[in-house]
Amino acid sequence: SSFSNHSVILLPTSLKVTVLDKNGNIVKGVTVTLYKNEADYFEEKDPIREGQITDEKGRTVFKKLTPAAYYIYAKKGDMDNVGEVESTSKLQEGKVNLINVIIK
C-alpha cells in the first residue's frame, strides 16, 4: 500500500470587526485598533496593528493574526466601546473570526 503526504494548508487567521451604534446601526469611519493585553488597551500603547478604518458596512478585517485573544478599541469622534465588548475570545486558527463591537 502507498500513502501520500498531503500538506494541510490553513488559511490565515483573521478577525472581522463590525462596529455598531447602541441602536444596532452600522457605523462607518470608525478607527479600530487591536492590543495584546488589557494594560496596553487601557494605556493605548503598543498596538498589535495600527488602527484600521471601518468601511461602508461598518467592517474592517485584521489579517494574519496569531490565534490569541485580543483587546479591541473602537473610536469615532466622542464615541467608543469602553465599557462594552473590549476583548475577543481566543481566535480560531485558520478562520475568519467575527465580532461585533458597540460604540456609544
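**Entry 1: Asn-81**

I looked up the polar contacts of Asn-81 in this predicted model and found that its side chain reaches the backbone oxygen of Ile-72 at 2.9 Å. A polar atom of the same side chain lies 2.8 Å from the backbone nitrogen of Ala-74. I placed Asn-81 in the loop between strand 6 and strand 7, the latter spanning 96–103.

I then asked whether Asn-81 is buried or exposed. Its relative accessible area is 0%, so I recorded Asn-81 as buried. Beyond its neighbours within four places in sequence, I listed its contacts as Tyr-41, Ile-72, Tyr-73, Ala-74, Glu-86, Val-101, Ile-102 and Ile-103.

**Entry 2: Asp-80**

I moved to Asp-80, which belongs to strand 6. Its relative accessible area is 18%; because the cut-off for buried is under 20%, I recorded Asp-80 as buried. Its side chain reaches the backbone nitrogen of Val-82 at 3.1 Å.

Leaving out residues up to four places away in sequence, I noted that Asp-80 touches Tyr-73, Ala-74, Lys-75, Ile-102, Ile-103 and Lys-104. I also checked Asp-80 against Val-30: the two are 50 residues apart along the chain, and their C-alpha atoms are separated by 8.9 Å.

**Entry 3: the open sheet**

I traced the sheet to which strand 6 belongs. Four strands form an open sheet in the order 3-2-5-6, with antiparallel pairing. Which strands lie at its edges? I found strand 3 (49–53) and strand 6 (79–80) there, each pairing on one side only.

Within this sheet I examined strand 2 (residues 31–35) and strand 5 (residues 71–76), which are antiparallel and joined over five bridges. I noted that Leu-34 has Ile-72 of strand 5 as its bridge partner.

**Entry 4: strands 1 and 4**

I next looked up the pairing of strand 1 (residues 14–21) with strand 4, which is antiparallel and runs over four bridges. Leu-15 has Phe-62 of strand 4 as its bridge partner. I compared the faces of strand 4: Thr-60 and Phe-62 make up the covered face, whereas Arg-59 and Val-61 make up the uncovered one.

**Entry 5: the nonpolar core**

I asked which residues have the most contacts inside the largest nonpolar core. This core has 16 residues, and I recorded Leu-15, Val-17, Val-19, Val-32 and Ile-72 in answer. Strand 1, strand 2, strand 5 and strand 7 each supply at least two residues of the core.

I followed Ile-72 further, setting aside its neighbours within four places in sequence. Its contacts include Leu-15, Val-17 and Val-32, and Asn-81 and Tyr-41 are also among them.

**Entry 6: aromatic rings**

I counted four aromatic pairs. Tyr-35 and Tyr-41 form one that is edge-to-face, at 6.4 Å centre to centre and 80 degrees between the planes. Tyr-41 and Phe-42 form another edge-to-face pair, at 4.9 Å and 75 degrees.

I checked the accessibility of these residues. Tyr-35 is buried at 4%, and Tyr-41 is buried at 2%. Phe-42, with 49%, is partly exposed. I noted that ring pairs link Tyr-35, Tyr-41, Phe-42, Tyr-71 and Tyr-73 into a cluster.

**Entry 7: positive phi**

I searched for positive phi values outside glycine, since most residues other than glycine have a negative phi. Phi of Asp-46 is near 50 degrees. I placed Asp-46 in the loop between helix 1 (38–43) and strand 3, and at 51% relative accessibility it counts as exposed.

Lys-64 also has a positive phi, of about 55 degrees. This residue lies in the loop between strand 4 (59–62) and strand 5. Lys-64 is exposed, with a relative accessible area of 66%.

**Entry 8: the whole chain**

I closed with the chain as a whole. How many helices and strands does it have? I counted one helix and seven strands, following the pattern β-β-α-β-β-β-β-β along the sequence.

Of the 104 residues, 34% count as buried. The chain exposes about 6,800 Å², of which carbon and sulfur atoms supply 49%. Among contacts with a separation of 6 or more, I recorded that 62% join residues 24 or more positions apart.

Conventions:
Residues numbered from 1 in each chain as written. Predicted model: local features only at pLDDT ≥ 70, side-chain atom pairs only at ≥ 80, totals over all residues. Heavy atoms only, no water. Pairing = 2+ DSSP bridges. Buried < 20%, exposed > 50% of the residue type's maximum accessible area, 1.4 Å probe, protein only. Contact = heavy atoms within 4.5 Å. Polar contact = N/O pair within 3.5 Å; in protein donor to acceptor, adjacent residues only side chain to side chain. Core = buried A, V, L, I, M, F, W, Y, C linked by side-chain atoms within 4.5 Å. Areas by Shrake-Rupley, 256 points an atom, 1.4 Å probe, with all protein chains shown as cover. Phe/Tyr/Trp six-rings, centres within 6.5 Å; stacked < 30°, edge-to-face > 60°.
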